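User: I'd like to go through this one piece by piece. Can you take my questions as they come?

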Amino acid sequence: MATVYTASRLAVLVACRAPSSCCSSSGRSTRVPLRAKMGTRKKVQAFVRVRPTDDFAHEMIKYGEDNKSIDIHLKKDTRRGVVNNQQTDWSFRLDGVLHDASQDLVYETVAKDAVSQALDGYNGTIMCYGQTGAGKTYTMTGATENYKHRGILPRALQQVFRMIEERPTHAITVRVSYLEIYNENLFDLLSTLPYVGPSVTPMTIVENPQGIFIKGLSVHLTSQEEDAFSLLFEGETNRIIASHTMNKNSSRSHCIFTIYMEAHSRTLSDEKYITSKINLVDLAGSERLSKTGSEGRVLKEATYINKSLSFLEQAIIALGDQSRDHIPFRQSKLTHALKDSLGGNCNMVLVTNIYGEATQLDETLSSLRFASRMRLVTTEPAINEKYDAERMVKNLEKELALLKQELAIHDSLSNRTLVNYDPMDEIQIAEINSQVRRYLEGTLDEIDIINLRQIQEVFNQFRVVLSQQEQEVESALRRKYTLIDKNDFAAISAVQKVGLMDVEGNLVGEPDGQSFGLGVAPFSVKPGKKPKIKKTPKDQFRPSTPPSRTVAFEEFKNERGSEINRIFKENKSILNERKKRASETTQRINAIKQEIDETKDALNFQKSLREKQGEYENKGLMIIDEEEFLLILKLKDLKKQYRNEYQELRDLRAEIQYCQRLVDQCRHRLLMEFDIWYNESFMIPEDIQVALKLGSSIRPGLVPISRIVCLGEDDQDRFSHLQQTVLPEGPDSITFYNAKVKTDQKHNYMKTMVGLQQSHRK
Ligand code: ADP
Ligand code: MG
């Protein structure tokens, strides 16, 4: 069965690894190459390091063949109430198990690629997780008194400075900071050193578009390896001193050592530069401290640690769930400070430190669970590339000067000496405006081309003049006519009632393609434009008895009414489609509601279970188990879905209402137009037919019947003017003016007819 890999076995694995950073084809490699193409997703890497022991629980802990999994087997034990009747076997997939591994090997496996990629612009985070004493600090910092046993941190600094030496083409600056989070308070472990920068107390976590930074945390420029080491030792010393003077237990705090890098090319023409940072995180002990029934300071530490680690886990679970768009980073200082370094565009590596002893199996299990959950998170490493604005401006200025010289040479070669390429001033623009006006009026034949700027300004002034003219035309029309919105069916039908609409349903004088219609324009407004006439049954024959309205309506729908009928049908089908969608959405909402209810029930059940056990609740701070947490997440998701669906339903309902109104309006208009058409086609009085026959080019429909017998527009204007100015003199004057209007109206009619006859003869 599975064997425990000893140091010699691992040595073999190491020996067969490819030396470069590219992927090893060996399936047994403990290393997954970190190098990823930009934009490709990759998983967080989770390694497990086992603390060396003579008392390794061979029976219970077994490593997989490929050294990338751990199987745990628990014997049933009646005394162990928690485990009894519960699961006894677990299997965890990992990216590598480090058993009896040297610090050297650990660095090679875990950190080397992430650090090397940081120099290429990728952010990285390496984190040690595990119960107190399992080896987190040993892994991260190592033994400071023994070079051979130094940890990831000093090795990372060394690698950074080595790589900088190998890149003489770039000017790379390195800065470091060392932050400690203890009981949700932030401490600067390098505050004892001189630092030029704002000192802010208390420190705060600030988010800006560039990412997260900690206001008040000192960041120290280091130009060589030795300086960097001094900073590290200073931080470590402060960590120890603080633990004594402030009575802090260093295993209860999270420490984040950050290396910031900024690389500028030494070639000045290269405007891009890259920035990156590497976070090396030594987390607080993950053991469940609240179980011990501690009090006072220890209890406070316990709740803070449990809380921040459980928030870290929540954030990580949320990161692993692609459907989540909100990640709860702000719940704790730890997750907030690491916001741009967890998931996202970083390389992320987790080392879970565990004990190999049987007595620690409970905590080991919980640590392995964390590790395997971490592996679900995917990140999308990307280079943090920025542009050096100053360099860019300088380069562009150079280019501009060169091009101007080039242009000057070109102009003098082609005898164009007086061309000015500077931006135009107001006077020049006014001159172009006047040229454009004269060109449009026809008094100027051509506008000479001078240069590109001038051509652009000519076009610009065309636009200016055009929009001015449009406004002038519109306001002139408004002064004379009442403008009606074409989509305002109520207004249109009112206008039709008083006979201002021609038989095609167009407003008389309606300008083509405009968004407004003009009421009551006299014929002369549309010179030379022959109104289009659609066929009516009367064009071919006129039955002696009119057809029934039902029969005629069918015909109308195929003829003159076809367009409005089509729109009517279209609106109706949209309405039906929306109604169908609304009913589907309602069904979905009901289903979600049901699921919400079920989840709530399950949650309540979990809650009651927890309350019964009562072990993780303390002064309002709750530590909940995974199942309950997942249920809460599910409920939150469901509620979000519910809200979304409900919103959609509301939108649909509004749309339905709107469509319904459109359909009603269309129906109304269809019927109304049918009435007009029907009357015109079958019900026109004899005398008017005679009048119409005078000019054979006139068709019913060209002149609306209602208009022939009603007031001419000018008459109407005059009448209302008179009403306003004269009528107040006395009500008796009304009859006088009525008579006057009627006479004018008759004259107007005769004039129109004669005019039409004449134009026909021509
Ligand atoms: P943690 O930081 O997780 O609380 P430490 O790193 O302080 O644990 O480790 C506890 C003790 O165990 C330290 O004395 C450390 O030197 C030792 N230790 C841990 N891991 C190893 C290892 N892989 N090899 C040798 N000693 C170790
Ligand atoms: Mg430690």
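User: Is Thr364 buried or exposed?
Analyst: Thr364 is buried, with a relative accessible area of 1%. Buried means under 20% relative accessible area, exposed means over 50%, and partly exposed is in between, with a 1.4 Å probe and protein chains only.

User: Where is Thr364, and what does Thr364 touch?
Analyst: Thr364 lies in helix α9, residues 361-374. Leaving aside neighbours within four places in sequence, Thr364 is in contact with Gln131, Ile354 and Tyr355. Contact means heavy atoms within 4.5 Å. Helices (H or I, at least four residues) and strands (E, at least two) are DSSP runs, numbered from the N terminus.

User: What kind of model is it, and how are things numbered?
Analyst: This is a predicted model, in which local features need pLDDT of at least 70 and side-chain atom pairs count only at pLDDT 80 or more, while totals for chains, interfaces and linings use all residues. Residues are numbered from 1 along each chain as its sequence is written, chains are lettered from A and ligands numbered from 1 in the order in which they are written, and side-chain values use heavy atoms, with hydrogens and water left out.

User: Overall numbers, then. How many helices and strands?
Analyst: The protein has 21 helices and 21 strands. Of its 762 residues, 43% are buried. Among contacts with a separation of 6 or more, 73% are between residues 24 or more positions apart.

User: Back to threonines. Where is Thr378?
Analyst: Thr378 is in strand β16, residues 378-379. Thr378 is buried at 15% relative accessible area. Apart from neighbours within four places in sequence, Thr378 contacts Arg41, Lys42, Lys43 and Gln322.

User: What about Val436, buried or exposed?
Analyst: Val436 counts as buried, at 0% relative accessibility. Val436 sits in helix α11, residues 426-441.

User: What packs on Val436?
Analyst: Not counting neighbours within four places in sequence, Val436 is in contact with Ile447, Val458, Gln461, Phe462 and Val465. Val436 and Phe459 are 23 residues apart in sequence, and their C-alpha atoms are 8.9 Å apart in space.

User: Different helix. Which residues of α13 are buried?
Analyst: In helix α13, residues 489-497, the buried ones are Ile492, Ser493, Val495 and Gln496. They cover an arc of only 160° around the axis, so they are on the same side of α13. The arc is that of the directions from the helix axis to the C-beta atoms.

User: And which residues are exposed on the other side?
Analyst: Ala490 and Lys497 are exposed on the other side of α13.

User: What do the buried residues of α13 pack against?
Analyst: The buried residues of α13 pack against β18, residues 483-485, and α17.

User: α17 again. At roughly what angle does α17 cross α15?
Analyst: The axes of α15 (residues 549-558) and α17 (residues 626-682) come within 10 Å and cross at roughly 105°. The two helices are therefore roughly perpendicular to each other. Axes are lines fitted to C-alpha atoms, for helices over the stretch in contact, and angles run from 0 to 180 degrees between N-to-C directions. Angles under 35 degrees count as roughly parallel, over 145 as roughly antiparallel, 65 to 115 as roughly perpendicular and the rest as oblique.

User: Which residues make the contact?
Analyst: From α15, they are Arg549, Ala552, Phe553, Glu555 and Phe556. From α17, they are Leu670, Leu671, Glu673, Phe674, Asp675, Trp677, Tyr678 and Phe682. By class, the contact has nine nonpolar, no polar and four charged residues. Ala, Val, Leu, Ile, Met, Phe, Trp, Tyr, Cys and Pro count as nonpolar, Asp, Glu, Lys and Arg as charged, and the others, Gly among them, as polar.

User: Any backbone oddities? What is phi at Asn183?
Analyst: Asn183 is not a glycine, but its phi is positive, about 50°. Asn183 is in the loop between β8 (170-182) and β9 (185-188). Asn183 is buried at 12% relative accessible area.

User: And phi of Glu184?
Analyst: Phi of Glu184 is near 60°, a positive value in a residue other than glycine. Glu184 is also in the loop between β8 and β9, and is buried with a relative accessible area of 19%.

User: Last one, how many disulfides?
Analyst: The count comes to zero disulfides, a disulfide being a pair of cysteine sulfur atoms within 2.5 Å. As for individual cysteines, Cys255 is buried at 1% relative accessible area, and Cys659 counts as buried at 10%.
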